[in-house]
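Subject: Structure handover

Hello,

Here is the structure you asked about. Please open it alongside this message; my notes follow below.

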Amino acid sequence: MSFSIERYKEESRKLDTDGIDWETVTASPLSKGDLFCLHYMMDIENHVPLYLSHLLVTRACMDPILTAFLACWNYEELWHGENIGKFLNLYGIGFDTQDRIANVRANLGVQNSVSILSTMVGSWLLKDFSAVYLTIGAINELSTLTGYNALIRKSGHPVLKDLLSRIIKDERRHYAFYFNSAKEWLAENEKAQRMDRWMLNRFWVPVGQGVKTQEQVDALALYLFDDEQGEEELLGIDEKIGRLPGLSGIKLMSKALYAARERRRVNPEWAWRLIDNEEWAVAPPKRSLVGELTTRRTHAGEATAGAFEGG
Ligand SMILES: [Fe+2]
Ligand SMILES: [Fe+2]
């Protein structure tokens with residue numbers, strides 16, 4: 001698996017959606033689980049610019065190759081979220097994309113700022129911080145594309161298959177960049193390898209956690225991967241990440257699945273109730289700052305429910 005930043009800069013572009021048969025989106029039904037996953041995935045794709053804000057304050061961004069990658073990557077990810085939103089709208093789920101994104105961000109609260117600060121401080125204190133960030137990037141991209149493949153399989157929806165297959169091609173390139181960059185950083189650098197392993201074992205969480213709750217993360221994991229094939233795919237991710245120097249035998253994705261299963265064993269309603277109850281709408285926070293932080297102000301007398309999107 002090779003990656004050339006020069007080629008990537010030349011070839012990076014908006015997702016090509018030419019020829020997608022948008023008119024037949026409603027011709028095949030989707031399950032509640034499929035719809036739950038699509039909302040989750042759309043929100044996390046749309047969260048990329050804020051994730052980027054965490055990275056741009058770190059030491060990692062002294063590297064011009066990394067910032068060139070991030071500039072293109074961020075643009076490509078934008079169109080992943082946009083097109084999943086378009087798909088859901090065409091399927092008949094009405095929401096305003098900008099309101100939804102604003103609500104997701106407003107719900108992050110102060111925890112988001114604390115996280116930016118701690119990432120910034122951590123990166124300037126730890127010389128090898130980049131190794132951790134790059135490894136997490138590789139896991140996130142690989143688990144995202146594995147999740148899209150699992151959703152293609154679960155849903156059996158032809159238009160969704162076409163759309164997600166195109167997105168997967170982008171995610172593969174992203175994965176190649178992060179994996180190769182992490183490998184370069186970790187090669188013959190035992191100190192970085194030890195720190196990377198230690199940090200991943202203690203602080204790594206599945207992609208989306210933090211924006212989504214533990215129960216939402218578990219709902220996605222159990223819907224997509226709680227069968228023999230799904231488990232094998234997650235073990236496959238661990239195996240690939242374990243090929244990085246110093247990470248042999250590391251268990252992350254499979255451990256997250258087993259922990260989700262355990263939470264469901266303790267509480268049999270855990271996770272599935274979110275899917276059964278179609279809990280994929282995003283309400284604005286009770287004391288919403290959305291209107292103050294964006295230009296999307298609700299007018300006096302207009303119910304806050306105006307900013308609430310239904311599922
Ligand atoms: Fe993406
Ligand atoms: Fe990606």
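A definition to begin with: a cavity here is a set of grid points where a 1.4 Å probe fits but cannot get out, and its lining residues have an atom within 4 Å of a point. Keep in mind that this is a predicted model.

**The cavity**

The structure holds one cavity of 30 Å³ or more. The largest cavity has a volume of about 40 Å³. Its lining is made up of D43, N46, H47, R100, I101, V104 and R105. Two elements, α2 and α5 (97-106), each give two or more residues to that lining. Helix α5 supplies the largest share, four residues. By class, the lining has three charged, two polar and two nonpolar residues.

**The iron site**

Which residues coordinate the iron ion (ligand 1)? They are E45, E77, H80 and E171. E45 appears twice in the list of donors, each time through OE. E77 and E171 also use OE, while H80 uses ND1. The distances run from 1.9 to 2.3 Å. Along the chain, the donors follow the spacing E-x31-E-x2-H-x90-E.

E77 has a further role in the geometry: this residue bridges the iron ion (ligand 1) and the iron ion (ligand 2). The two ions lie 3.7 Å apart.

E45 lies in helix α2 (residues 32-46) and E171 in helix α8 (residues 158-186), so the pair ties together parts that are 126 residues apart in sequence. Both E45 and E171 are buried.

**Helix α7**

Helix α7 covers residues 129-155, 27 residues in total. From first C-alpha to last, α7 reaches 39 Å, close to the 39 Å expected at 1.5 Å a residue. Is α7 mostly covered or mostly open? Mostly covered: 23 of its 27 residues are buried. Just after α7, G156 takes a positive phi of about 60°.

**Cysteines**

How many disulfides does the structure hold? Zero. Take C61 as an example. The closest cysteine sulfur to that of C61 is in C72, 14 Å away, which is too far for a bond; a disulfide needs the two sulfur atoms within 2.5 Å. C61 counts as buried because its relative accessible area is 13%, and the cut-off for buried is under 20%. C37 is also buried, at 0% relative accessibility.

That is everything for this handover.

Best wishes

Technical notes. Residues numbered from 1 in each chain as written. Chains lettered and ligands numbered in written order. Predicted model: local features only at pLDDT ≥ 70, side-chain atom pairs only at ≥ 80, totals over all residues. Heavy atoms only, no water. Donors = N, O, S within 2.8 Å, 3.2 Å for Na, K, Ca; no water. Buried < 20%, exposed > 50% of the residue type's maximum accessible area, 1.4 Å probe, protein only. 1 Å grid on protein atoms, 1.4 Å probe; cavity = no way out; pocket = protein on both sides within 12 Å on 5 of 7 lines; lining within 4 Å. Points joined across faces, edges and corners; volume = space filled by probe spheres on them. Nonpolar A, V, L, I, M, F, W, Y, C, P; charged D, E, K, R; others polar. Expected span 1.5 Å × (residues − 1).
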